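Colleague: Please put the model up, and then I will ask about its core and its charged pairs.

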Amino acid sequence: MTSKNLTRFLTPDLSLKVGSKTYVVKPPSRESGKIMVAINVAGVAAFASVTEACPSCGRSGPLEMDESMRALVEANSERDLGELSLGDTYQEMLADGIDGPTLEKLEMYAFYYWTLGEAAADQIFEETVAAPKARKRSKSGRSTE
């Protein structure tokens with residue numbers, strides 16, 4: 001019998017560099033993945049309920065959410081997102097004394113990385129977390145933007 005090497009098709013670890021240390025986050029378990037997808041669906045539904053109509057499809061208002069997804073979110077509402085998105089590495093980060101705001105950014109990046117992929121996680125992170133660029137001031141002291 002021949003053996004198939006499927007390694008190149010498997011989800012790689014996520015490496016997160018913080019200062020001089022690189023943390024290696026293993027892909028989430030199937031159960032943690034399901035919970036994170038449910039949380040993401042709930043977030044999209046909540047966001048859609050407060051936004052204007054979609055310019056592409058015209059849909060507006062709350063999105064319907066599958067009852068099993070809703071149940072997963074409710075059953076895990078007390079869990080820390082870092083436990084889900086960072087797995088065992090979360091405890092290592094806590095033990096290393098990573099501050100709360102930094103830890104929150106790491107767990108959110110990992111959350112989007114595992115649920116939407118690297119490109120989407122990078123884009124969301126850049127748009128929502130990256131420090132806004134300082135505005136240029138004119139000689140009069142007023143903003144030029």
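The questions below take the nonpolar core and then the salt bridges.

Colleague: What kind of model is this, and how are residues numbered?

Modeller: Residues are numbered from 1 along each chain as its sequence is written, and side-chain values use heavy atoms, with hydrogens and water left out. The model is predicted: local features need pLDDT of at least 70 and side-chain atom pairs count only at pLDDT 80 or more, while totals for chains, interfaces and linings use all residues.

Colleague: Which element gives the most to the largest nonpolar core?

Modeller: A nonpolar core is a set of buried (under 20% relative accessible area, 1.4 Å probe, protein chains only) Ala, Val, Leu, Ile, Met, Phe, Trp, Tyr and Cys residues joined through side-chain atoms within 4.5 Å. The largest has 21 residues, and L14, L16, L86, M93 and W114 have the most contacts inside it. At least two residues each come from β1 (14–18), β2 (21–25), α1 (30–49), α3 (81–85), α4 (88–95) and α5 (100–116), where helices (H or I, at least four residues) and strands (E, at least two) are DSSP runs numbered from the N terminus. With 8 residues, the element that gives the most to this core is α5.

Colleague: Which residues does L14 touch, leaving out those up to four places away in sequence?

Modeller: Contact here means heavy atoms within 4.5 Å. With residues up to four places away not counted, the partners of L14 are Y23, V24, V25, Y109, A110, Y113 and W114.

Colleague: How many salt bridges are there?

Modeller: A salt bridge is a side-chain nitrogen of Lys or Arg within 4 Å of a carboxyl oxygen of Asp or Glu. One of them joins R79 and E83, at 3.6 Å from N to O. By this rule the count is 5.

Colleague: Which residue forms a salt bridge with K26, and is K26 buried or exposed?

Modeller: K26 meets D13 in a salt bridge, at 3.0 Å from N to O. This pair links distant parts of the chain, 13 residues apart: K26 lies in the loop between β2 and α1, and D13 in the segment before β1. At 33% relative accessible area, D13 is partly exposed (between 20% and 50%). K26 has 54% relative accessibility, which is over 50%, so the partner of D13 counts as exposed.

Colleague: Which residues make up the salt-bridge network with K21?

Modeller: The side chains of K21 and E92 meet in a salt bridge at 2.9 Å, N to O. This pair links strand β2, which holds K21, to helix α4, which holds E92, 71 residues apart. K21 is partly exposed at 31%, and E92 is partly exposed at 34%. The residues linked in the network with K21 are E92 and D96.
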